[in-house]
Amino acid sequence: MTRSITALFGIELPVLQAPMAGVQLSALAIAVCNAGGLGGLPCAMLTPEGLRQELDTLRAGTDRPFNVNFFCHTPPEPDAAREAAWRAALAPFYRELGLDPANVPAGPGRAPFAPEIADVLEAKPPAVVSFHFGLPAPELLARVRRWGSKILSSATTVDEARWLEAHGVDAVIAQGVEAGGHRGMFLGDDVATQVGTFALLPQVVRAVKVPVIAAGGIADAAGVAAAMALGAAGVQIGTAYLLCPEATTSAVHRAALASPETTETALTNLYTGRPARGIVTRLMRELGPMGTTPAFPLAVAAIAPLRAKAEAAGRGDFSPLWAGQNTTGCKAVPAAQITRELAAGIPSIR
Ligand SMILES: Cc1cc2nc3c(=O)[nH]c(=O)nc-3n(C[C@H](O)[C@H](O)[C@H](O)COP(=O)(O)O)c2cc1C
């Protein structure tokens, strides 16, 4: 089996721009596709109609292959006791900001991949569909396979990589613990045993036959070269694109990324209910980064009013400032330039 992902996806450069929900839409993906990489559209926060519009924009902006990305968690049953405990933990912040804890609107959703989303994609299948948190139910996955999109998902352990290969993915993303955003973990929930990129990658390369894409902490050409030397067929990079003009990264998020003091990150479940890596904020410092929250994605609702009020005052105290451990690649330059600079680490290009 070939491990070439350029041939597999029909792209020039084995550089994938990580789909990043909340900080980008099609503009970033278009820029990366047109630079020869694989741009990614994060769809976890899009309605079917929103998805249709973004796909139209993407297709108007590039005729190259692209990746559409979905979460595939099981929506939780609301749990009144957990919600009440969570609101009680946040009550001092509500008081301080003059907010009414009795008045919390339903939070922005994170919808899992579903039949009505598949209907939108099937009309004009994208080259690549990627998933986070495992894979969707077998009959839904079979639909994606039937219409011919290549299938990707993230593994955070060797066991998850083997599981994904056994369930038919075309390539595995080995997501090291350095990575920004949500951990893709789906077979376990112990963040203490999560593995660093350069420990995980060679073990996954040995364990599976499909191509392995390295993700987490890769920020420049030297990092790309190191991943390729350890057997990666390509790289997936998120954090380095966060300051690009094509990203929709918020002002507080951009300021935190650009500030030399605030590059300390931690895994936290406070913002959504699932562990994700972000810049340490006041909320994470004062409650501790891992807490007892409602299940993913229900923790979002009670945080949203705090986040909005603080951001209106220019503060990111209650904002998920997702970022990986290595923010040295973050530059406010066009995404095509970042892509070209990263691609200089690919052996065939050097
Ligand atoms: C702001 C941000 C949002 C993210 N959102 C998603 C997402 O919606 N779907 C996904 O599969 N991965 C998401 N990720 C994780 C990336 O796929 C990838 O694992 C990570 O960015 C790689 O590590 P790096 O950030 O150090 O480059 C996100 C990462 C960041 C930084």
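**Exercise 1. Work out where the ligand sits and what surrounds it.**

Start with the empty space: the pocket taken by the ligand is the largest one. Keep in mind that you're working with a predicted model.

Next, ask which elements give two or more residues to the shell around the ligand. Those are β3 (67–71) and β9 (234–237).

Now sort the shell by class. You get 10 nonpolar and 11 polar residues, and no charged ones.

Finally, pick out the nearest neighbours. There are 21 residues around the ligand, and P19, N69, G217, G238 and T239 come nearest. Being in that set of 21 takes a heavy atom within 4 Å of the ligand.

**Exercise 2. Find polar contacts of the ligand, then check how well it is covered.**

Use a cut-off of 3.5 Å between N or O atoms, and go residue by residue.

- Q236: a polar atom of its side chain lies 3.0 Å from a ligand oxygen.
- G216: here the backbone does the job, with an N or O atom 3.3 Å from an oxygen atom of the ligand.
- P19: a polar backbone atom is 3.4 Å from a nitrogen atom of the ligand.

Then turn to area. On its own, the ligand has 600 Å² of accessible area, and the protein covers 99% of that.

**Exercise 3. Lay out the sheet that contains β11, and say why β7 and β10 count as edges.**

Step one is the order: 3 strands run β7-β11-β10 in an open sheet, with antiparallel pairing.

Step two is the edges. β7 (181–182) and β10 (265–268) each have a single partner strand, so one side of each has no neighbour in the sheet.

Step three zooms in on one pair. How many bridges link β10 and β11? The two pair in the antiparallel sense over 4 bridges, with β11 spanning residues 276–279. To fix the register, note that L267 stands opposite R277 in β11.

**Exercise 4. Track down two backbone features in loops.**

First, look for a cis peptide bond. One joins F296 and P297, with omega at about 0 degrees. As for its place in the chain, P297 belongs to the loop between α11 (282–287) and α12 (300–312).

Second, look for a positive phi outside glycine. F133 has one, near 75 degrees. Where is F133 placed? Follow the chain between β4 (128–132) and α6 (138–147), and you'll find F133 in the loop there.

Note on methods: Residues numbered from 1 in each chain as written. Predicted model: local features only at pLDDT ≥ 70, side-chain atom pairs only at ≥ 80, totals over all residues. Heavy atoms only, no water. Pairing = 2+ DSSP bridges. Polar contact = N/O pair within 3.5 Å; in protein donor to acceptor, adjacent residues only side chain to side chain. Areas by Shrake-Rupley, 256 points an atom, 1.4 Å probe, with all protein chains shown as cover. 1 Å grid on protein atoms, 1.4 Å probe; cavity = no way out; pocket = protein on both sides within 12 Å on 5 of 7 lines; lining within 4 Å. Sits in = over half its atoms within 2 Å of the grid points. Nonpolar A, V, L, I, M, F, W, Y, C, P; charged D, E, K, R; others polar.
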